[in-house]
Amino acid sequence: MRFVFLTLGYHPDLDGGGYRYATEVAERLAALGHEVHAVYPNPRNTLPASESRNGVQLHRVPDGTGSFFANWRTENAAARAVLDKLLGPGTPRT
């Protein structure tokens, strides 16, 4: 089964919180043999755009540098582009 996590962050090094929870669930699903992707903003654009970590394919979209709403629009558009690429045309979103 394929899973795609759309999240504001993916931080395997944090001790707790929502980001850590998303990370743990994604990595456990990957360990069970599922195809798992995480799409999230690249913090300060300092990390590679994509990589694999603990079986999870990470897709980092450019982190916005403007106002909150400008960043929100930019990051959502970039995340949609990644999703379209991952899922392909005509794939139902569930």
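Helices (H or I, at least four residues) and strands (E, at least two) are DSSP runs, numbered from the N terminus. The model is predicted: local features need pLDDT of at least 70, side-chain atom pairs count only at pLDDT 80 or more, and totals for chains, interfaces and linings use all residues. Residues are numbered from 1 along each chain as its sequence is written, and side-chain values use heavy atoms, with hydrogens and water left out.

**Figure 1. The whole chain, with two helices and four strands.** In sequence order the elements follow the pattern β-α-β-β-β-α. The radius of gyration, taken over C-alpha atoms, is 13 Å, which agrees with the value near 12 Å for a compact globule of 94 residues; the globule rule is 2.2 Å times the number of residues to the power 0.38. Along the principal axes, the C-alpha atoms fill a box of roughly 40 × 40 × 20 Å. Of the 94 residues, 35% are buried (buried means under 20% relative accessible area, exposed over 50%, partly exposed in between; 1.4 Å probe, protein chains only). Contact means heavy atoms within 4.5 Å; among contacts between residues at least 6 apart in sequence, 41% join residues at least 24 apart.

**Figure 2. Strand β2 (35-41) and its pairing with β1 and β4.** Two strands pair if DSSP finds at least two bridges between them. Strand β1 (residues 2-6) pairs with β2 in the parallel sense over five bridges, and Val4 has His37 of β2 as its bridge partner. β2 and β4 also run parallel, joined by six bridges; here Tyr40 is matched with Arg60 in β4 as its bridge partner. Six of the seven residues of β2 are buried, so the strand is largely enclosed by the rest of the structure.

**Figure 3. The hairpin of β3 and β4.** β3 (50-53) and β4 (residues 56-61) pair in the antiparallel sense over four bridges. Glu51 has Leu58 of β4 as its bridge partner. Two residues lie between the strands of the hairpin, and Asn54 in the turn has a positive phi of about 55 degrees.

**Figure 4. Arg44 and Asn45 in the loop between β2 and β3.** Arg44 is not a glycine, yet has a positive phi of about 55 degrees. Asn45, also not a glycine, likewise has a positive phi of about 55 degrees. Most residues other than glycine have a negative phi. Arg44 counts as exposed because its relative accessibility is 68%, while Asn45 is partly exposed, with a relative accessible area of 38%.

**Figure 5. Glu75 of helix α2 (residues 68-87) and its surroundings.** Glu75 is buried, with a relative accessible area of 14%. Leaving aside residues up to four places away in sequence, Glu75 touches Pro41, Val61, Pro62, Asp63 and Gly64. Asp63 is twelve residues from Glu75 along the chain, and the C-alpha atoms of the two are separated by 6.7 Å.
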